[in-house]
Structure formats: structure tokens, C-alpha cells
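Colleague: I am new to this structure. Please take me through one part of it closely, starting from a hairpin and its pairing.

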Amino acid sequence: MSLFFFPLFIWIKRLGSTCQITSQYISHLSSQPSYSVSDEINGALVRLKSIEELLNCANEGSYWILASIVCLDVGKDDWLYKECTRCPQKLEGAEPFYCKRCDQVDSNPLLRFRLQVIVSDGTGSITLVLWDREAMQVVGKTATEIKENSFDDGDADTYPKALDSVIDTKLLIKVAVSSRNINGYDDVYNVMRISGDEELITKLGHDAAVASQELEMQGVDNNVNCQ
Ligand SMILES: [Zn+2]
């Protein structure tokens, strides 16, 4: 049996360390989820937690939260980044853009979201990074579309107004808790996956309210530790 599990263990270790070193690749690594959101939560494959529980979490891993976007935590230009058209490398600096990996100049890099948002669920609030795939899912547009239509904002010193459409959106969010988060080196958490499934959100919101009420009636402290 151990021979069977060994390669999987190595693969997970590799995946974990890659995520920590170059978090901009996280959206590419977690490309196709194998379970549905409802299967993950109802089957307890990935736990649903309150933000308070997540902030007290002492174990690395991924957990679902049910929360609303309160505001965007971005400036004029840091809600997006440039990516090489040939590989997933983030391109730094000014034109001409150069990819170290491909060792080539990229005159027309792709624009990708790196949307930092603050979400709240009533028990607490937390800062999250939505990478390109998840940000597109919430915003409903690509980073290029937002950038191209932002000329109406004139000389505004802030991010494009169109991004404000995400505020008050209630979502199920799968959050990665890293050792850097646990040790207090980083208070920004990466998002692995999101769902706007209204039926599931309503059901889980109701379940959480009932559970919290029951605990209150029993006089139990609602501050459950992370497992
Ligand atoms: Zn490249």
C-alpha cells in the first residue's frame, strides 16, 4: 500500500511548495476541480468554516467559507498583472516586456486579474486574492475588457469603477490556508475556487444560522477550533 501512496505524496509536496514560491501560478495548478462544490461540502471532503474559525486555524489546508465581498482592496493598477503569451510567467517592469522563462520579448502580454478583496460573514472579515479564473467568474468580464472600458473613468486615481459590481456578492469561497497565514507572515489568503450557486448558498446559510442558534440555546461557546 505504501508504494501506491508514495508518488501521490511526492506530487502533493511538489504542488504545495510550488504554490508557496510562485503564488501567481496557483490558478493554473488548480485548473479542473474533480468534485462538485456540493460534493466537497456535503461529503465533508473540504470543511465549511466561519471566517472566525478560519482565522484561528492552526492547520494548513483548504476550507470553504460563505461570505460577501465588502470592498475591494486594490489601487489604480494593482488589480491586474501581465502574463507571457507563451507561458504562465508574470512579466514585470515596463515595455518592452521580457519573459525570463522563454528568454523572449513579449510585445503584447495577456492581462490577468489579481483582485484583492475583503469579505465578511458576520463572524469576521478576511482579505483574499481572487486570481484570474475566479475573478472573471465574479466580475463577469476579463481583465482586458475591464481595462479597455476604463477610459471613461478619466484621470481617476482609483481602480476601474466597473469592478465595484462585485461588492455585496455572496459567495462560497474555497480558501487556502498556508503556513505563512498561520504564522502571521501573510494576512492575505489565496482563493482556490468559488461558487455562486444560489440554492447551495441559501441552504448552507440557513444550516449555519440554525446550528449557531442551537449552540446559543445550549450555552455553548460558538468559537469552534479548527480541525
Ligand atoms: Zn514566457
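Modeller: Strands β3 and β4 make a hairpin, with six residues between them. Helices (H or I, at least four residues) and strands (E, at least two) are DSSP runs, numbered from the N terminus. The model is predicted, so local features need pLDDT of at least 70 and side-chain atom pairs count only at pLDDT 80 or more, while totals for chains, interfaces and linings use all residues. Residues are numbered from 1 along each chain as its sequence is written.

Strand β3 covers residues 80-83 and β4 covers residues 90-91; two bridges join them, and they run antiparallel. Strands count as paired if DSSP finds at least two bridges between them. Within this pairing, E83 has K90 of β4 as its bridge partner.

Strand β3 is also joined to β7 (residues 110-120), by four bridges, and these two strands run antiparallel. Here Y81 stands opposite R112 in β7.

From β7 the picture leads on to the largest nonpolar core, a set of buried Ala, Val, Leu, Ile, Met, Phe, Trp, Tyr and Cys residues joined through C-beta atoms within 7 Å. Buried means that 20 or more other C-beta atoms lie within 10 Å of a residue's own, with C-beta atoms placed from the backbone. This core has 37 residues, and F113 and L128 are among those that touch the most other members. Elements giving two or more residues to the core include β7, β8 (125-131) and β9 (170-177).

Leaving aside neighbours within four places in sequence, L128 is in contact with residues including V117, V119 and I173; contact means C-beta atoms, placed from the backbone, within 7 Å.

Definitions and conventions. A residue is buried if 20 or more other C-beta atoms lie within 10 Å of its own, exposed if 12 or fewer, and partly exposed in between; C-beta atoms are placed from the backbone. Two residues are in contact if their C-beta atoms, placed from the backbone, lie within 7 Å.
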